[in-house]
Amino acid sequence: MGIFLSYSRGDAQQADDWVANLENFGYRVWIDRAGIRGGQQWNATIVRSIKEAQAPILLLSPNSARSDNVRREIDLAVEAKKPIIPIEIQVTAMPENLQYQLAGVQLLQVWRNPRGGLPLVLAALKQAGVERGAARVVEATPGRPGSSEANVDLAELGNFGFLSKIAFWRRKS
């Protein structure tokens, strides 16, 4: 996986906009609303997704600065030695619990001009070595009994804005 997006639910629309912009540039972005299926343990899924990400992006706002979940995600990313890319989407007083984790990390202030900030974020992703999404192969499971059709759980594919980069195959019985 390429990018783990850490954000507050209060900034969901801006998070969706960043996901769409990054996916338009070919990056694979994991966001909790699209990456967790019903019945899954969301905390284990988030931990695994942070570990698998090449770089987490933190959407920093007053909402995310107050969020215990965002702080936990950043703690896990630091623990996993991930290069965190903090994007300030609103003017935010940095709380002490994030100051420590982000000490020395360049904050990308895009709140004045989010579109103008996109090239800064793309450059940071390139510098962090985040690869753009390649085709991802997801194995299909057998379909209904007696049917020759196979099922593909689209949740396994993650949150892709473009389906042309996904390859499917069927296991021969």
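**Strands, loops and cut-offs**

Tutor: In strand E3, Ile57 is the residue that stands opposite Leu5. The model is predicted, with residues numbered from 1 along each chain as its sequence is written, and local features need pLDDT of at least 70, while side-chain atom pairs count only at pLDDT 80 or more. Totals for chains, interfaces and linings use all residues, and side-chain values use heavy atoms, without hydrogens and water.

Student: What makes E1 and E3 a pair?

Tutor: Strands (E, at least two residues) and helices (H or I, at least four) are DSSP runs numbered from the N terminus. Two strands pair if DSSP finds at least two bridges between them. Four bridges join E1 to E3 (residues 55-60), so the requirement is met. The two run parallel. Within E3, Pro56 is the bridge partner of Phe4.

Student: How many bridges join E3 to E4?

Tutor: Four, and these strands run parallel. Pro86 in E4 is the bridge partner of Leu58.

Student: Why is one side of E2 and of E5 left without a neighbour in the sheet?

Tutor: The open sheet has five strands in the order E2-E1-E3-E4-E5, with parallel pairing. E2 (29-30) and E5 (108-109) stand at the edges, each with a single partner strand, so one side of each has no neighbour in the sheet.

Student: What makes E3 mostly covered?

Tutor: Six of its six residues are buried, a term for under 20% relative accessible area (exposed is over 50%, partly exposed in between; 1.4 Å probe, protein chains only). Ala55, Ile57 and Leu59 are buried on one side, and Pro56, Leu58 and Leu60 on the other. In a regular strand the side chains alternate between the two faces of the sheet.

Student: How do you know whether Lys81 is buried or exposed?

Tutor: Its relative accessible area is 74%. The cut-off for exposed is passed, so Lys81 is exposed. Lys81 lies in the loop between helix H5 (68-79) and strand E4 (85-88).

Student: What is said of the phi of Lys81?

Tutor: Lys81 has a positive phi of about 60° although it is not a glycine. Most residues other than glycine have a negative phi.

Student: Why is Asp11 said to have no salt bridge?

Tutor: A salt bridge needs a side-chain nitrogen of Lys or Arg within 4 Å of a carboxyl oxygen of Asp or Glu. For the buried Asp11, the nearest side chain of opposite charge, Arg66, is 7.7 Å away, so no salt bridge is assigned.

Methods: Lys and Arg count as positive and Asp and Glu as negative; His and the chain ends are not counted.
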